[in-house]
Amino acid sequence: MDKKEKVVIIGGGIAGLSAGIYALKAGFDAEIYEKNAIPGGECIGWNRKGYHIDNCIHWLTGTKKGTDLYEVWKATGALTDETEYAKLDSFYTSTYDGKSVTLWNDLEKTQKELIAASPEDEEEIKKFIQYVEYSKQCLFPADKPMEMWKIADYISVGKNMADFPKVLKEFGKISLEEYSKRFRSPLLRKMICDYLPKEYCAYSFLVSYATMADGNGGIPMGASLQMSLRMEKKFKEMGGKIFYNAGVEKIVVENRKATGLQLENGSFVQADLMIPTLDTYPLFHKLLPASYMPAELKKAYSDEKAYPVTSGFQIAFAVSTSFNRGETIFIDIDELKVGKRTADRMYVKAYGYDPIFVKDGKQVIQTCITQSDDDFDYWKRLPEEEYRAAKEKLVEEISVRIETAFPELKGDLEFLDCWTPLTYERYCNAYHGSYMSFVTTPFGKQLKMKGKLKGIDNLYLAGQWTNSPGGLPVAVASGKFAVQRILKARRKDINI
Ligand SMILES: Cc1cc2nc3c(=O)[nH]c(=O)nc-3n(C[C@H](O)[C@H](O)[C@H](O)COP(=O)(O)OP(=O)(O)OC[C@H]3O[C@@H](n4cnc5c(N)ncnc54)[C@H](O)[C@@H]3O)c2cc1C
């Protein structure tokens, strides 16, 4: 029997695990090399003082049975037909000046509530709800990469997404901040800009809300790390090998072929085929010479205004389970300097919906203040002592703001942990601490890379940076697509 070809994958995040599983399904041997001690990359959680802190899934696109993406989550062991989801009935609540509105999963209920809060915005509210309804048609195509679509695929997607072009036309080229100005109510303006960074294209927000409202964005019970571990288990059960604490120093290229990996510990790993899934910045600045970087990526890295990234200053506390103001609630705060920006809004997310975040009558709550490229520079330049002091000061200032907004939490906040954009750089080699790919703004183009590099024939890119704005669906599908591209190049059946 012929020896199987070996696919070597860099990174044991969601894209790497997916690539590994699909490579095995396609009949290859597969090995994953991961710099950390556990799988998951950005999709993880950790324990502090006996509490579990989750740091990923706010919504998992593709939890609706019958969608392409659901099949991919199932094939990779992330979800099963028996998976239970958090029973949440809203996306989030925004408060301002003593009033609040909630974006319910039930769109009719939301419409009524928004009109009651701001009758003068009735027309714009109805339009918003209508366009969220249209946005439910925007399903992530995860069957095969777009360059492999046939006419029938375009016809079928076109039919199923008949109204979605209206959303792109109306909201594809304006930022959330601009969109918010169509509403007269200050509360509704805040609501529009609360969830995603205000530079995001408005349609991203509509699609996010539609995903929740359509039951296609559930949160699997058991948290993010557990989902990554399920994928790792599947990979190993299928015969895959995963190596931890195995940072990759360099990809060795000889005669247009990636022949192997040079690990940080000095050893060499031979490869027949290679799928790097790590962040593309370290990929093209450390593992490979920058000359291999595709032009669209070069352009994106050189224009932070059109292609910003998003990260966060985040804190987790434990508080009594009696705290119950809705799962995610945005509040107005006294202005606060975080990194280079001044924040006047923040959220509190309560995790009591899943027993994994509850211990001895207390639940985890978290908050996150958005950070971007400039803020990353701020944190990066601080000497170690000042970095630590800046974090401590912010924890104090944010605690005061939480207690002011929620007096029932006075004296109840038990600090668990806080982390910054530098944490993401340290843990995942993430560019500017970003945990997604480039933000889709009205000034930039959405990145859609085909995963091939000029000059290396057996290397296929995967990972969230191949398709902005990234996220879990992009990551998991990119692993599958990389293997399908390998199969296509070998003229084999791509239906895996
Ligand atoms: C707070 C937070 C909330 C989020 N919420 C959501 C959400 O609700 N929904 C959603 O869809 N997405 C969400 N995301 C984004 C999601 O986590 C990411 O899009 C996804 O996990 C990216 O997967 P990936 O495999 O492409 O990349 P990564 O997770 O970055 O995986 C790359 C892996 O490569 C490893 N690596 C890097 N360099 C090397 C090297 N030199 N050698 C070996 N290994 C290396 C890294 O350690 C990492 O494990 C969130 C992320 C965060 C942090």
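On a 1 Å grid laid over the protein atoms alone, a cavity is a set of points where a 1.4 Å probe fits but cannot get out, and its lining residues are those with an atom within 4 Å of a point. Grid points are joined across faces, edges and corners, and a volume is the space filled by probe spheres set on the points. The model explored here is predicted, so that local features need pLDDT of at least 70 and side-chain atom pairs count only at pLDDT 80 or more, while totals for chains, interfaces and linings use all residues. Residues are numbered from 1 along each chain as its sequence is written, and side-chain values use heavy atoms, with hydrogens and water left out.

The protein chain is divided into domain 1 (6-44 + 59-81 + 221-305 + 439-489), domain 2 (90-218) and domain 3 (311-433), with bounds that come from an automatic or database domain assignment.

Two cavities of 30 Å³ or more are found in the structure. The largest cavity holds about 80 Å³ of space, and among the residues that line it are His 58, Tyr 195, Met 212, Glu 327 and Lys 349. Because domain 2 and domain 3 both give residues to this lining, the largest cavity lies between them. The second largest cavity has a volume of about 40 Å³, and its lining includes Asp 54, Pro 220, Tyr 353 and Phe 357. Ile 219 lines the largest cavity and also appears in the lining of the second largest cavity.

From the cavities we can turn to the interface of domain 2 and domain 3, whose centres, taken over C-alpha atoms, are separated by 26 Å. Their contact, meaning heavy atoms within 4.5 Å, takes 11 residues from domain 2 and nine residues from domain 3. Between them the two domains bury about 820 Å², 48% of it on carbon and sulfur atoms, where buried area is the accessible area (1.4 Å probe) that two parts lose on being put together, summed over both. In domain 2, Thr 93, Thr 95 and Asp 194 lose the most area to domain 3, together 51% of what that side buries.

Across this interface the rule finds one salt bridge, that is, a side-chain nitrogen of Lys or Arg within 4 Å of a carboxyl oxygen of Asp or Glu. The side chains of Asp 194 and Arg 345 meet in a salt bridge, at 2.6 Å from N to O.

Notes: 1 Å grid on protein atoms, 1.4 Å probe; cavity = no way out; pocket = protein on both sides within 12 Å on 5 of 7 lines; lining within 4 Å.
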